[in-house]
Amino acid sequence: MLERDWPPEIMDDVLRAQAGATTGPARVTATVEQVTGLAARTFRSWVAEHAHAFRAPRP
């Protein structure tokens, strides 16, 4: 952070906030459904539906 010119006085607070974000699962909200009209899905289901886009094409 120092190398990116962040103010030194905020580093402890930033690191504390990041550490706090790893203590458990994220809070679930209805934002995705409100914005898109579709229920949110898990990352696992998204990966299953889009895995083909990340596979190398067959020769």
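## Overall picture

What share of the 59 residues in the protein chain is buried? In this predicted model, buried residues make up 5% of the protein chain. The surface that the protein chain exposes comes to about 5,900 Å², and carbon and sulfur atoms supply 58% of that area.

Let's look at the fold next. The protein chain has 3 helices and 0 strands, and reading along the sequence gives the pattern α-α-α. The radius of gyration is 19 Å, well over the 10 Å that the globule rule gives for 59 residues, so the protein chain is more spread out than a compact globule. Its C-alpha trace spans about 50 × 40 × 20 Å along the principal axes.

## Distances along the chain

A few C-alpha distances help to put the parts of the model in place. Gln 18, which lies in helix α1, is partly exposed, with a relative accessible area of 47%. Between the C-alpha atoms of Gln 18 and Thr 29 there are 20 Å, and the two residues are 11 residues apart along the chain. Glu 33 belongs to helix α2, residues 31–36, and counts as partly exposed at 45% relative accessibility. From Glu 33 to Ala 48, 15 residues apart along the chain, the C-alpha separation is 20 Å.

His 52 sits in the segment after α3 and counts as exposed, at 54% relative accessibility. How far apart in space are His 52 and Trp 6? Their C-alpha atoms are 40 Å apart, with these positions 46 residues apart in sequence terms.

## The start of the chain: Asp 5

Most residues other than glycine have a negative phi. Asp 5 is not a glycine, yet it has a positive phi of about 65 degrees. You will find Asp 5 in the segment before α1, the helix of residues 11–20. Is Asp 5 buried or exposed? With 69% relative accessibility, Asp 5 counts as exposed, because the cut-off for that class is over 50%.

## Charges and salt bridges

The protein chain carries 7 positive and 7 negative charges, and their mean positions are 17 Å apart. Side chains of opposite charge can pair when their charged atoms come close. How many salt bridges does the structure hold? There are 2 salt bridges in the structure.

One salt bridge joins Asp 13 and Arg 16, with the closest N and O atoms 2.8 Å apart. Asp 13 and Arg 16 are 3 residues apart in helix α1, so about one helical turn separates them. Asp 13 counts as partly exposed at 48% relative accessibility, whereas Arg 16 is exposed, with a relative accessible area of 53%. These two values fall on either side of the 50% cut-off, which is why the labels differ.

Glu 49 and Arg 41 also meet through their side chains in a salt bridge, at 2.4 Å from N to O. Here Glu 49 counts as partly exposed, at 44% relative accessibility, and Arg 41 is partly exposed too, with a relative accessible area of 46%.

## Aromatic rings

Now for the rings. A pair of aromatic rings is described by the distance of the centres and the angle of the planes. Searching the whole structure turns up 2 aromatic pairs. One of them is formed by Phe 43 and Trp 46, with 6.2 Å centre to centre and 15 degrees between the planes. This pair counts as stacked because its planes are under 30 degrees apart.

Where do Phe 43 and Trp 46 lie? Both are in helix α3, residues 43–50, and the 3 residues from one to the other amount to about one turn of the helix. Phe 43 is exposed, with a relative accessible area of 65%, while Trp 46 is partly exposed at 31%. Ring pairs also bring in Phe 54, linking Phe 43, Trp 46 and Phe 54 into a cluster.

How values were computed:
Residues are numbered from 1 along each chain as its sequence is written. This is a predicted model: local features need pLDDT of at least 70, side-chain atom pairs count only at pLDDT 80 or more; totals for chains, interfaces and linings use all residues. Side-chain values use heavy atoms; hydrogens and water are left out. Helices (H or I, at least four residues) and strands (E, at least two) are DSSP runs, numbered from the N terminus. The radius of gyration is taken over C-alpha atoms; the globule rule is 2.2 Å times the number of residues to the power 0.38. Buried means under 20% relative accessible area, exposed over 50%, partly exposed in between (1.4 Å probe, protein chains only). Accessible areas come from the Shrake-Rupley method with a 1.4 Å probe; for residues, only the protein chains shown count as cover. Lys and Arg count as positive and Asp and Glu as negative; His and the chain ends are not counted. The place of a charge is taken as NZ of Lys, CZ of Arg, CG of Asp or CD of Glu. Rings of Phe, Tyr and Trp (its six-membered ring) pair if their centres lie within 6.5 Å; planes under 30 degrees apart count as stacked, over 60 as edge-to-face and the rest as tilted. A salt bridge is a side-chain nitrogen of Lys or Arg within 4 Å of a carboxyl oxygen of Asp or Glu.
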